[in-house]
Every structure is written in structure tokens, then in C-alpha cells.
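Welcome, and please open your viewer. We will go from stop to stop, and at each one you will hear what to select and what is there.

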Amino acid sequence: MIWDIPALLNTAGFTQNQLYENNVAGHFNYRWEDIAAALGMGNLPAESYYLGRFLIFDDQGDKQKLIELITMEAHSLAETNDWQLENVSLEQLALLACEELKVMSVCGYCNGLGFNRTGEDCNPCLGYGWKGYTEKEKYQFIGVNGKSWYRRWQLRYTDILNYLGGAAYHLREHLEQQLC
Ligand SMILES: [Zn+2]
């Protein structure tokens, strides 16, 4: 699921070579009104809808909605998997994911796949398929130390990204269907 994020960013024009100018994905060959209308059509899951609006229109209200949805998912993951939260706010973890989406660029070495030609994890992007924050930036953002990050939170954050990857998959499919 996580690989759907660079795929979506590629679709939206967030590639390394084509970084959008003003933090807005302006590389769709469609009018923004058409994209906005396409997002509102059919049965797009809420997280995909707000992810799309946040990525494409960079709207603060949509970002807030997306953070709420991710936070809910994080609470549900925490309950299911019995996470010890230490002092971490799950909303801050959700915010981290949103902020990282905005600085992500698709890895030019593996083109977002996360692995190289021999099937091993891509070195430059550590298998993520994109470049975003460093591990240190991430654990400082949620207020834990490196030890706690690598032992617990890194994997939990991957769960959050997988959730967003699922949303990205539906969003990409939806836009391709509606806009073709
Ligand atoms: Zn890579």
C-alpha cells in the first residue's frame, strides 16, 4: 500500500524533476474545477477525498479533516495493537504524515518503487520510494528519542503511511476513471 503514495505523487506531478512551484500540484492537464468536481463524484472514501483536496488544492480545512481521519485510524491501530503511547500525541503523528506528504519527492533512483533492479531495498530512499524527512526529523517531530523511534514508532508510522497509501490508491484510480 505504501507504494501507492509515490505513484500518486507521480500522477500529480510531484516528481523529483518536476517539483511543483508553490506547494500545489499544478501538473495535472485538467482544469482545477474539473478535478474538484471529479473528487466529489461517486463513492470516494473520505480519507481519499481529503487527501486529494489537501494535495491538489493545499487547503487548510481539508488538511484538518485529513488529520482527524488519520488520528482516528491511529487510535484504532493503537487499540488493536495495544500501543504504549508514551507521551506521543496521535494527532501529532497524523500531522507528521501530512507534513511529510508535502515535502516528499519521488525517489529518482527507483522511481518510487522502493527497490532496485535486483529486488533489494533502494539505498538512497531506504526502500520508501520517496525522499521526505530524515528519521531524526520524524522522531523529533513527535517528541520521542531515537531509541523509542526505532523500537516502536517507526513501524507504527509505517502503518499510518500504509493507511494513506490505501487512500492514495483509491484516489488515483478514481481520478483516472473520472478524468479520462
Ligand atoms: Zn529509491
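Begin with aspartate 82, which lies in the loop between H4 and H5. Helices (H or I, at least four residues) and strands (E, at least two) are DSSP runs, numbered from the N terminus. Before going further, note that this is a predicted model, in which local features need pLDDT of at least 70, side-chain atom pairs count only at pLDDT 80 or more, and totals for chains, interfaces and linings use all residues. To find your way, use residue numbers that start from 1 along each chain as its sequence is written.

**The loop**

Is aspartate 82 buried or exposed? A residue is buried if 20 or more other C-beta atoms lie within 10 Å of its own, exposed if 12 or fewer, and partly exposed in between, with C-beta atoms placed from the backbone. Aspartate 82 is exposed, with 6 other C-beta atoms within 10 Å. Look at its backbone too: phi is positive, about 55 degrees, although aspartate 82 is not a glycine.

Now select glutamate 86, found in the loop between H4 and H5. Its phi is also a positive value, near 50 degrees, in a residue other than glycine. Glutamate 86 is exposed, with 12 other C-beta atoms within 10 Å.

**H4 and H5**

Next, show helix H4 (60–81) and helix H5 (90–103). Two packed helices are described by the angle between their axes and the distance between the axes. Here the axes come within 8 Å and cross at roughly 125 degrees; axes are lines fitted to C-alpha atoms, for helices over the stretch in contact, and angles run from 0 to 180 degrees between N-to-C directions. That makes H4 oblique to H5, because angles under 35 degrees count as roughly parallel, over 145 as roughly antiparallel, 65 to 115 as roughly perpendicular and the rest as oblique.

Which residues make the contact? Among them are Leu66, Ile70 and Ala74 of H4 and Leu93, Ala94 and Ala97 of H5. Two residues are in contact if their C-beta atoms, placed from the backbone, lie within 7 Å. The residues of this contact divide into 11 nonpolar, 2 polar and 2 charged. Ala, Val, Leu, Ile, Met, Phe, Trp, Tyr, Cys and Pro count as nonpolar, Asp, Glu, Lys and Arg as charged, and the others, Gly among them, as polar.

**H3 and H4**

Keep H4 and add H3: these two pack at an angle of about 140 degrees, with their axes 8 Å apart. Residues including Tyr50, Leu51 and Phe54 in H3 meet others in H4, including Lys63, Leu66 and Leu69. This contact divides into 7 nonpolar, no polar and 5 charged residues.

**The core**

Now colour the largest nonpolar core, which has 44 residues. Such a core is a set of buried Ala, Val, Leu, Ile, Met, Phe, Trp, Tyr and Cys residues joined through C-beta atoms within 7 Å. Those with the most contacts inside this core are Leu51, Ile70, Leu93, Ile160 and Leu164. H7 gives the largest share, 10 residues. Select leucine 164: not counting residues up to four places away in sequence, it touches Ile5, Leu51 and Ala97.

**Last stop**

Stay in helix H7 and pick aspartate 159, which is partly exposed, with 18 other C-beta atoms within 10 Å. Its C-alpha atom and that of methionine 1 are separated by 9.7 Å, although the two are 158 residues apart along the chain.

Finally, zoom out to the whole protein chain, with its 7 helices and 2 strands. From the N terminus on, the elements run α-α-α-α-α-β-β-α-α.
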